[in-house]
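I'm opening the notebook on this one and jotting down what I look up as I go. Core goes on the page before the metals.

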Amino acid sequence: MVYYKTEEEVELIRKSCLLVCKALAEVASSIKPGVTGLQMDLIAEELIKDHSALPAFKGYRGFPATLCISINDQVVHGIPTDQVFKDGDIVSIDCGTYMNEFFGDSAYTFALGEISKEKMQLLEVTNTSLYKGIAAAVAGQRIGDIGFAVQDYCEKTYKYGVVRELVGHGIGRSLHESPEVPNYGKRGRGSKLKEGLVIAIEPMVNLGRKEVKQLDDGWTVASKDGSISAHYEHTICVQKDKALILSDHTLIEAQIEKNPNVNSIAIRSSEMTSV
Ligand code: MG
Ligand code: MG
């Protein structure tokens, strides 16, 4: 069952998404080599609770934390630990909130300290692919057009591995609603996108091959070949000519700008209106 949202519902989802990005921005201002995932998790959880909201992931199917923190070859769903972040780490952080009966969901990948050009390019390409997917998410197009846009850019142009096992999703009164939004696909295939459809688009892209494995903790997904992975996510609403982006990465990037321990990706989200 696909639930199309009213304008009022879209605004409530936007509020939840903005709180997610505020939490990620708070993390962005304090993340650096030497801090731990657990410390970042506490910062995000306190900020969310200060806004009378709930962290959406904590307790979701038994997940123990507010943030999913996935380091280097970890793709998604990493559990925050007391492991200290190191210079050169690639840290993907996913966050969700629940407020006014609606969920918000967004993710961003942080590059700590000295980072190779090869790794920075993966982050930039993954982030750009997110906006290519968003550009395809307009009424009248199909789900496959979104996946095609992401996959074509990452695989054809850059030979990266686009993860198949995990996908984007509808979002609203539930954290995960129909439809599934794969990051791969064929043009013109899949269900038709209609105005009011709210979905999270979230490319997960490996520097090496696309295959992933599940770690023994039962949550963390990592690349099979050990190559690093990046993950960016926006919640958007499908409209007539151009999708409305409900989450806001400019809040995160403004903090990265001021944090000397985090590298900025070359292309800012504020410039990514159409690609
Ligand atoms: Mg997410
Ligand atoms: Mg999501």
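**Core.** I started with the nonpolar core in this predicted model. The largest one holds 61 residues, and Ile31, Phe85, Ile93, Phe110 and Ile201 have the most contacts inside it. I checked which element feeds this core most: helix α3, residues 117–136, gives eight residues.

I then picked Phe110 and listed its contacts, skipping neighbours within four places in sequence. The list includes Leu24, Ala28 and Ile31, then Asp89, Ile90, Val91 and Ile93, and further along the chain Ile252, Ile256 and Val262. Ile31 and Ile93 turn up here, and both are also among the residues with the most contacts inside the core.

Apart from this core I found another one, of 15 residues. Val10, Ala56, Ala65 and Cys237 are among its members.

**Metal site, ligand 1.** Which residues coordinate the magnesium ion (ligand 1)? I get Asp94 through OD, listed twice, plus Asp105 (OD) and Glu233 (OE), at 1.9 to 2.5 Å. Along the chain the donors read D-x10-D-x127-E. The site links distant parts of the chain: Asp94 sits in strand β4 (residues 90–99), while Glu233 is in the loop between β13 (229–231) and β14 (234–237), 139 residues apart. I looked up burial too, and both Asp94 and Glu233 are buried.

**Metal site, ligand 2.** For the magnesium ion (ligand 2) I noted Asp105 (OD), His169 (NE2), Glu202 (OE) and Glu233 (OE), at 2.1 to 2.2 Å. The spacing of these donors in sequence is D-x63-H-x32-E-x30-E. His169 belongs to strand β7 and Glu233 to the loop between β13 and β14, so this pair ties together parts 64 residues apart in sequence.

How far apart do the two magnesium ions lie? I have them at 3.1 Å, with Asp105 bridging ligand 1 and ligand 2. Glu233 is a donor to ligand 1 and appears again among the donors of ligand 2.

Buried or exposed, for His169? His169 has a relative accessible area of 5%, under the 20% cut-off, so I put it down as buried. Glu233 comes out at 0% and is buried as well.

**Strands around His169.** I followed β7 (residues 168–170) to its partner β8 (residues 177–181): they run antiparallel and are joined by three bridges. Gly168 has Val181 in β8 as its bridge partner. The two strands make a hairpin, with six residues between them.

**Three-stranded sheet.** Next I looked at an open sheet with the order β3-β12-β11 and antiparallel pairing. β3 (74–76) and β11 (212–214) are the edge strands, each with a single partner, so one side of each has no neighbour in the sheet. On average, neighbouring strands here are turned by 40° against each other, direction ignored. Two bridges pair β3 with β12 (residues 221–223), and Gln74 stands opposite Ala222.

**Ser227.** Last stop was the loop between β12 and β13, where Ser227 lies. Ser227 has 13% relative accessibility, so it counts as buried. The Ser227 side chain makes a polar contact of 2.8 Å with the side chain of Asp225. Beyond neighbours within four places in sequence, I see Ser227 in contact with Asn72 and Asp73, and with Asn206, Leu207, Gly208 and Arg209.

Note on methods: Residues numbered from 1 in each chain as written. Chains lettered and ligands numbered in written order. Predicted model: local features only at pLDDT ≥ 70, side-chain atom pairs only at ≥ 80, totals over all residues. Heavy atoms only, no water. Donors = N, O, S within 2.8 Å, 3.2 Å for Na, K, Ca; no water. Helix = DSSP H or I, 4+ residues; strand = E, 2+ residues; numbered from the N terminus. Buried < 20%, exposed > 50% of the residue type's maximum accessible area, 1.4 Å probe, protein only. Core = buried A, V, L, I, M, F, W, Y, C linked by side-chain atoms within 4.5 Å. Contact = heavy atoms within 4.5 Å. Pairing = 2+ DSSP bridges. Axes fitted to C-alpha atoms, helices over the stretch in contact; angles between N-to-C directions. Polar contact = N/O pair within 3.5 Å; in protein donor to acceptor, adjacent residues only side chain to side chain.
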